[in-house]
Amino acid sequence: MTVSATGAPVPDAGGVKHLDIAIVGAGVAGLYAVHKYRAQGCSVAAYEAGSDVGGTWYWNRYPGARIDVESAEYSYTFSEDLRREWRWTERYASQAELQAYLRFVADRLELRPHITFNTRIERILYDADRAEWTLYSSEGPLCRARFCVMATGFLSAPNMPNIPGIGDFKGEVHHTSNWPKTPVELTGKRVGVIGTGSSGVQLIPKVAEQAGTLTVFQRTANFCIPLRNQPLTDDYREYQAGTFPDWKEISTRSFGAFHYVNFELSEPNGHSALEASEAERIAEYEYRWNSGGLCYFTSYKDLMFDARANETLAEFVRQKVREKVTDPETREALVPRDHPIMAKRLCGDTNYYETFNLPHVTLVDVRKNPIDCISPAGVMAGGQEYPLDVLIFATGFDAGTGAMTRIDIQGRDGRTIREHFAEGPRNVLGMMAAGFPNLFIVDGPGSPGAFYNPILLSELHIDWFGRCIDYMRRNGFRTIEATEAAEAEWMSHSRDICDHSLFSKAKSWYVGVNIEGRKMGPQLYMGGITEYSRRLAAAEADGYAQFARGR
Ligand code: NAP
């Protein structure tokens, strides 16, 4: 280690900080990393492009943005004090409340002095002689560090589609994942929204409340489930606090969320949907529909591995959609048909379908009438121009690898992460890549990512790296990195699971093909948290044999 015994950064002759650990990002993962590694006696600095903490909850401040797992399940678990002191007000917290929570955590744990805001990391270069990473902003070098922790998020790099004329539009343009801090004035305006994933489905009803006219350009109809958000009662808050130990235990073997069904902690159902009679299945699906939230993920064990099982739920939800939309043509366009349910993330719905019953809202099915181009006046689709004042892209993210490949990361011998991830996430356990020593990836590509609770996964990863750093200190290792053989084994295991699941049957960001020209392959690990945790523990227990260590 190269730092002072107190864990304070040591300045270079050139004014560049010299640290144990540099952290990129001050969202959910970055905040915990700062706290954890400081407590471990390391000198740390985090760099954040935004002007405040929050990560995804800082940038995605579009109208209607809120979490789709229950607030109590989206809370750090490492500190009893934090859990006791913070009071969520809604079952599903809004973006504003989530950011307030993360601000509270940063202040309560005194993390801000260790975070440099308004600083986007543009380059990260490895120096093999020193076994150190140097981080650069556009202004030049900021620090040198033995370890670099990428807390850059799974869904953070915006995806702007490659539509001809996109720069020609004369009105206002916004992307949901980079929404302005000052309110966007939509009252009485002609607004267009491209994209009907989770972001679009949350945004569209809110825009409809203000806009003069709203035109929604839909390529794929998604399955949307009522969220049934509501204020939290004291009784329910206490119930969730009291059941926290059981919830945490269930979360070690399931999704880490969706475990409160109809306001009761429930075990994931371990049975096949096909073992149940039709009446039992419908009763189960109705129960969950009335509960609200995306708890279908835990309703039967085979919904993502058996097409017939999946279809039972898909048809149940299609019928619900039909009951909500009045115009026959719009109704049929909104019924999802081209992918298994849950092979794309379910969308949490608050008045989404009902919005299309409003006279000033129009749905344009761009599968039937493809977008030709963006014109100076609006969107051209199927040969018709839709004039607009404001155009909103709810077109999602370059998920998984995008947050890292947008940074010029160069490892051993100048190999770039862009080259390394050219065919998708290539690493071990989604955490370390060959040729990128001491570069730790939190909640990143190849990890369970959105198939687990992002807060629990961040805690799992950051604690694991902390123990790895201790191991290296004790044993005199300067570097650790994945071996190519271990990478190949992990990727083949990950791909096998994806190929045998129904996730491979949808064109989604789960498998990378939401980005034009990308080959289909798993962006995240689909084998479940039980198997993932087993492998994580084994990787540590066998003395990091899957990793090359250097002195
Ligand atoms: P997304 O699910 O990838 O949806 C993007 C939408 O844009 C899709 O409807 C897509 O159509 C459409 N699109 C993309 N390019 C297009 C083009 N060239 N022409 C027409 N349509 C185009 O992105 P997202 O809605 O931002 O959500 C991403 C993920 O973020 C979610 O799955 C969820 O995990 C997370 N998220 C969570 C919350 C929450 O917690 N409440 C909220 C927002 C997002 P196709 O489907 O045809 O590709």
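The questions and answers below concern a predicted model of a protein with a ligand.

Q: Which residues of the largest nonpolar core touch the most other members?
A: The largest nonpolar core holds 142 residues. Within this core, the residues that touch the most other members are I23, Y37, Y76 and W464.

Q: Which helix gives the largest share of this core?
A: The largest share amounts to 10 residues. These come from the helix that spans residues 454-475, namely helix 14.

Q: How many residues are in the other core, which lies apart from the largest one?
A: Among the members of this other core are Y126, A131, W133 and L439. The core lies apart from the largest one, and its number of residues is 24.

Q: Which residues does Y76 touch, not counting residues up to four places away in sequence?
A: Y76 is one of the residues that touch the most other members of the largest core. Leaving out residues up to four places away in sequence, Y76 touches G27, V28, L31, Y32, L82, R83, Y101, L102, V105, I455 and E459.

Q: Which residues come nearest to the ligand?
A: Around the ligand there are 23 residues. By class, this shell has 8 nonpolar, 9 polar and 6 charged residues. Those that come nearest are R66, S199, R219, T220 and K344.

Q: What is the distance between an oxygen atom of the ligand and an N or O atom in the side chain of K344?
A: The ligand has polar contacts with several parts of the protein, and a backbone N or O atom of R66 lies 2.5 Å from a ligand nitrogen atom. A polar side-chain atom of W509 is 2.9 Å from a ligand oxygen atom. For the side chain of K344, the distance to a ligand oxygen atom is 2.6 Å.

Q: How much of the accessible area of the ligand does the protein cover?
A: On its own, the ligand has 900 Å² of accessible area. The share of this area that the protein covers is 89%.

Q: Why does R518 count as partly exposed?
A: R518 is placed in the loop between helix 15 (484-500) and helix 16 (529-541). A residue is partly exposed when its relative accessible area is neither under 20% nor over 50%. R518 counts as partly exposed because its relative accessibility is 25%.

Q: Which residue has a side chain joined to that of R518 by a polar contact of 3.1 Å?
A: Not counting residues up to four places away in sequence, R518 touches D398, A399, T401, G512, V513 and Q523. The polar contact of 3.1 Å joins the side chain of R518 to that of D398.

How values were computed:
Residues are numbered from 1 along each chain as its sequence is written. This is a predicted model: local features need pLDDT of at least 70, side-chain atom pairs count only at pLDDT 80 or more; totals for chains, interfaces and linings use all residues. Side-chain values use heavy atoms; hydrogens and water are left out. A nonpolar core is a set of buried Ala, Val, Leu, Ile, Met, Phe, Trp, Tyr and Cys residues joined through side-chain atoms within 4.5 Å. Buried means under 20% relative accessible area, exposed over 50%, partly exposed in between (1.4 Å probe, protein chains only). Helices (H or I, at least four residues) and strands (E, at least two) are DSSP runs, numbered from the N terminus. Contact means heavy atoms within 4.5 Å. A residue is near a molecule or strand if one of its heavy atoms lies within 4 Å of it. A polar contact is a pair of N or O atoms within 3.5 Å; within protein, one must be able to donate a hydrogen and the other to accept it, and residues adjacent in sequence count only if both atoms are side-chain atoms. Accessible areas come from the Shrake-Rupley method with a 1.4 Å probe; for residues, only the protein chains shown count as cover. Ala, Val, Leu, Ile, Met, Phe, Trp, Tyr, Cys and Pro count as nonpolar, Asp, Glu, Lys and Arg as charged, and the others, Gly among them, as polar.
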